[in-house]
Amino acid sequence: PVGWFEIYVQDMERAKVFYQDTFRLKLQPLTSPDGLDIELWAFPMEMNLPGSSGAIVRMPGKDSGGGGTIVYFSCADCAVEAARIVPSGGQIQRDKFPIGHYGFIALAVDTEGNMIGLHSMQ
């Protein structure tokens, strides 16, 4: 099970707009650990509920882009969030498609070149 994720970005303001507009949520700033030049903005989380949260992170020396890992965001209907990808500055990699009894997914690329997934049961 995933306990935390980080999506690395190069342009924090652009990435914040993309994720906040796509998922209709407000990212919260996190305090950078002392001595580290890291900027973190966290997705909303409830510590006592199942699921994982994480943050978009700007860290010198860590590039964004396709690195072999895809974070899937849970949605009621992934087509809704997928429809917000392009207006938010991203690209659709693959529109919503069925994955059998596991529901549906859509694949997108954010403004920083990271591939993300959208998952829903409908």
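Biologist: Which residue takes a positive phi just after H1?

Modeller: Most residues other than glycine have a negative phi. In this predicted model, Arg 24 has a positive phi of about 50° although it isn't a glycine. You'll find Arg 24 in the loop between H1 and S2 (helices are DSSP runs of H or I with at least four residues, strands are runs of E with at least two, both numbered from the N terminus). Local features here need pLDDT of at least 70 and side-chain atom pairs count only at pLDDT 80 or more, while totals for chains, interfaces and linings use all residues. Residues are numbered from 1 along each chain as its sequence is written, and side-chain values use heavy atoms, leaving out hydrogens and water.

Biologist: Is Arg 24 buried or exposed?

Modeller: Buried means under 20% relative accessible area, exposed over 50%, and partly exposed in between, with a 1.4 Å probe and protein chains only. Arg 24 is exposed because its relative accessible area is 57%. Asp 34, in the loop between strand S2 (28-30) and strand S3 (39-42), is also exposed, at 81%.

Biologist: What span should helix H1 have?

Modeller: Take 1.5 Å times one less than the number of residues. H1 has 12 residues (12-23), so it should span 16 Å, and its end C-alpha atoms are indeed 16 Å apart. At its N-terminal end, Asp 11 acts as a cap, with a side-chain oxygen 3.4 Å from the backbone nitrogen of Glu 13. The buried residues of H1 include Phe 18, Tyr 19 and Phe 23.

Biologist: How do I describe H1 and H2 together, and what is the angle at which their axes cross?

Modeller: Two packed helices are described by the angle between their axes and the distance between the axes. The axes are lines fitted to C-alpha atoms over the stretch in contact, with angles from 0 to 180 degrees between N-to-C directions. For H1 and H2, the axes come within 8 Å and cross at roughly 145°. Phe 18, Asp 21, Thr 22 and Phe 23 of H1 meet Glu 81, Arg 84 and Ile 85 of H2, contact being heavy atoms within 4.5 Å.

Biologist: How many residues are in the largest nonpolar core?

Modeller: A nonpolar core is a set of buried Ala, Val, Leu, Ile, Met, Phe, Trp, Tyr and Cys residues joined through side-chain atoms within 4.5 Å. The largest one has 22 residues, and Tyr 19, Phe 73 and Leu 118 are among those with the most contacts inside it. H1 gives the largest share of this core, five residues. Leu 118 touches Phe 23 of H1, as well as others including Phe 73 and Ala 82, not counting residues up to four places away in sequence.

Conventions:
Polar contact = N/O pair within 3.5 Å; in protein donor to acceptor, adjacent residues only side chain to side chain.
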